[in-house]
Amino acid sequence: MPQREKASACAICRRELPEKDFFIVRIEGFYTPELPEFTLEDLANATRSEIQRICARMRTAGAEELLELEEEVYRNYTYLMCRDCYRRYISRPLPAPEELY
Ligand SMILES: [Zn+2]
């Protein structure tokens, strides 16, 4: 998506948007992976090679996890909306649970 979106049609009602009178709605979803936890005692008792092994494991696990969860790690959507649709949308941006399930 270019930095400055060009007006086209409203994402909801599909009416043509005026050149300088529309709204941009951006939705981003992030996955928040949990890294393995280590205590200070674990680190104090670890040798240099153990620390290197742990760091290598964390890097590998992170990369594999990101690849496996590619679709869930980060998603973003950009919608252009006319004034009327934006007002209705922004007053209740999340659907009710019964609309999702
Ligand atoms: Zn609209």
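**Exercise 1. Locate Arg 14 and decide whether Arg 14 is buried or exposed.**

Step 1: Arg 14 sits in the segment that comes before strand E1 (23-30). Keep in mind that we are working with a predicted model.

Step 2: Look at the backbone. Arg 14 is not a glycine, yet its phi is positive, at about 70°.

Step 3: Count the surroundings. Arg 14 is exposed because 11 other C-beta atoms lie within 10 Å, and the cut-off for exposed is 12 or fewer.

**Exercise 2. Describe how strand E1 pairs, and work out whether E1 lies in the open.**

Step 1: Find the partner. E1 is joined to strand E2 (residues 74-81) by eight bridges, and the two run antiparallel.

Step 2: Pick a facing pair. Opposite Ile 27 stands Tyr 77 in E2.

Step 3: Check burial. E1 has eight residues and the number buried is zero, so E1 lies largely in the open.

**Exercise 3. Explain why Cys 85 counts as buried, then trace what Cys 85 touches.**

Step 1: Place the residue. Cys 85 belongs to helix H4 (residues 83-91).

Step 2: Apply the count. Cys 85 counts as buried because it has 21 C-beta neighbours inside 10 Å; the threshold is 20 or more.

Step 3: List the contacts. Setting aside residues up to four places away in sequence, Cys 85 touches Cys 10, Ile 12 and Cys 13.

Step 4: Compare sequence with space. Ile 12 and Cys 85 are 73 residues apart in sequence, while their C-alpha atoms are 6.7 Å apart.

**Exercise 4. Name the members of the largest nonpolar core and follow the contacts of Cys 10.**

Step 1: The largest nonpolar core has six residues: Cys 10, Leu 17, Phe 22, Met 81, Cys 82 and Cys 85.

Step 2: Beyond its neighbours within four places in sequence, Cys 10 is in contact with Arg 15, Leu 17, Leu 80, Met 81, Cys 82 and Cys 85.

Step 3: Set this beside the whole protein chain, where buried residues make up 6% of the 101 residues. Of the contacts between residues at least 6 apart in sequence, 75% join residues at least 24 apart.

**Exercise 5. Write down the fold pattern and say where the confidence is lowest and highest.**

Step 1: The protein chain has five helices and two strands, in the order β-α-α-α-β-α-α.

Step 2: The average pLDDT is 80, and 71% of the residues score at least 70.

Step 3: Among the elements, helix H3 (residues 70-73) has the lowest mean pLDDT, 62, and H4 the highest, 96. Where pLDDT is low, predicted coordinates should not be read in detail.

Notes
Residues numbered from 1 in each chain as written. Predicted model: local features only at pLDDT ≥ 70, side-chain atom pairs only at ≥ 80, totals over all residues. Helix = DSSP H or I, 4+ residues; strand = E, 2+ residues; numbered from the N terminus. Contact = placed C-beta atoms within 7 Å. Core = buried A, V, L, I, M, F, W, Y, C linked by C-beta atoms within 7 Å. pLDDT = per-residue confidence, 0-100. Pairing = 2+ DSSP bridges.
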